[in-house]
Amino acid sequence: ALRLLLRHRYRDALQILSPYEDYNTALCLLSLGFDQRALEILDKEPQTANVLYLRTVLLSRTGKEKEAVETFVRCINLDEQKYWKGTLDPEVNRLIQTYNIELPDEDF
């Protein structure tokens, strides 16, 4: 299934991943435009930086901008590299620009 994902063969990968309802399943669903179903799966996953980043994209797509911003801030508090990834992702970058999201201050 992961090879199929890497080859952007999302429908084929989804046939294999559907029973698992995990992060990779949600990624397939997102790629196929099944955003609400992908969100439902991610809501059950541990809230890692990767899961929070994907939730940010999905929440933005579904018009839940306030929740998307809050989720993205939680995400970059766990992993600052996701901020830079977000600057390259049109859906997340729009949130960064619109809501003036910045990296968290470092404690010295």
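Which residues line the largest pocket? In this predicted model, the lining consists of Y23, L27, L30, N50, Y53, L54, V57, R61, K82, K85, D89 and E91. The space inside amounts to about 180 Å³. Rolling a probe the size of a water molecule over the atoms shows where empty space is left. Three helices each supply at least two residues of this lining: α3 (23–32), α5 (49–61) and α7 (81–88). Helix α5 contributes the most, with 5 residues. Sorted by class, the lining holds 6 nonpolar residues, 1 polar residue and 5 charged residues.

Helix α5 also contains R55. Is R55 buried or exposed? Its relative accessibility is 7%, so R55 counts as buried, because buried means under 20%. Beyond residues up to four places away in sequence, R55 touches L39, L42, D43, Q47, E67 and T71. One further distance places R55 relative to T98. The two residues are 43 apart in sequence, and their C-alpha atoms lie 18 Å apart in space.

Helix α3 contains C28. The relative accessibility of C28 is 0%, so this cysteine counts as buried. With sequence neighbours within four places left aside, C28 is in contact with L5, Y10, A13, L14 and L17. The C-alpha atoms of C28 and H8 are 8.9 Å apart, and 20 residues separate the two in sequence. A second cysteine, C75, is buried as well, and its relative accessible area is also 0%. How many disulfides does the whole structure hold? The search finds 0. A disulfide is a covalent bond between the sulfur atoms of two cysteines.

Charged side chains were examined next. Side chains of opposite charge can pair when their charged atoms come close. A search of the whole structure finds 11 salt bridges. One of them joins the side chains of E21 and K44, at 3.9 Å from N to O. This pair links distant parts of the chain. E21 sits in the loop between α2 (10–17) and α3, and K44 in the loop between α4 (35–42) and α5. The two residues are 23 apart in sequence. Their accessibility classes can be read from the values. E21 has a relative accessible area of 31%, so E21 is partly exposed. K44 reaches 61% and therefore counts as exposed, because exposed means over 50%.

Another salt bridge forms between R37 and E40, with the closest N and O atoms 3.2 Å apart. How far apart are these two residues in helix α4? They are 3 residues apart, which means a separation of about one helical turn. R37 is partly exposed at 29% relative accessibility. E40 is partly exposed too, with a relative accessible area of 36%. R37 and E40 do not stand alone: E21, R37, E40 and K44 are linked in a network of salt bridges.

A further salt bridge connects R94 with E65. Their side chains meet at 2.5 Å, N to O. This pair, too, links distant parts of the chain. R94 lies in helix α8 (residues 90–98), and E65 lies in helix α6 (residues 65–78). The two are 29 residues apart. R94 has 34% relative accessibility and so counts as partly exposed. E65 has a relative accessible area of 23%, so E65 is partly exposed.

The segment after α8 contains P104. Which residues does P104 touch, not counting residues up to four places away in sequence? The contacts are I76, N77 and E80. P104 has 24% relative accessibility and so counts as partly exposed. The C-alpha atoms of P104 and R11 are separated by 38 Å, and the two residues are 93 apart along the chain.

Methods: Residues are numbered from 1 along each chain as its sequence is written. This is a predicted model: local features need pLDDT of at least 70, side-chain atom pairs count only at pLDDT 80 or more; totals for chains, interfaces and linings use all residues. Side-chain values use heavy atoms; hydrogens and water are left out. On a 1 Å grid over the protein atoms alone, a cavity is a set of points where a 1.4 Å probe fits but cannot get out, and a pocket is an open set with protein on both sides within 12 Å along at least five of seven lines; lining residues have an atom within 4 Å of a point. Grid points are joined across faces, edges and corners, and a volume is the space filled by probe spheres set on the points. Helices (H or I, at least four residues) and strands (E, at least two) are DSSP runs, numbered from the N terminus. Ala, Val, Leu, Ile, Met, Phe, Trp, Tyr, Cys and Pro count as nonpolar, Asp, Glu, Lys and Arg as charged, and the others, Gly among them, as polar. A disulfide is a pair of cysteine sulfur atoms within 2.5 Å. Buried means under 20% relative accessible area, exposed over 50%, partly exposed in between (1.4 Å probe, protein chains only). A salt bridge is a side-chain nitrogen of Lys or Arg within 4 Å of a carboxyl oxygen of Asp or Glu. Contact means heavy atoms within 4.5 Å.
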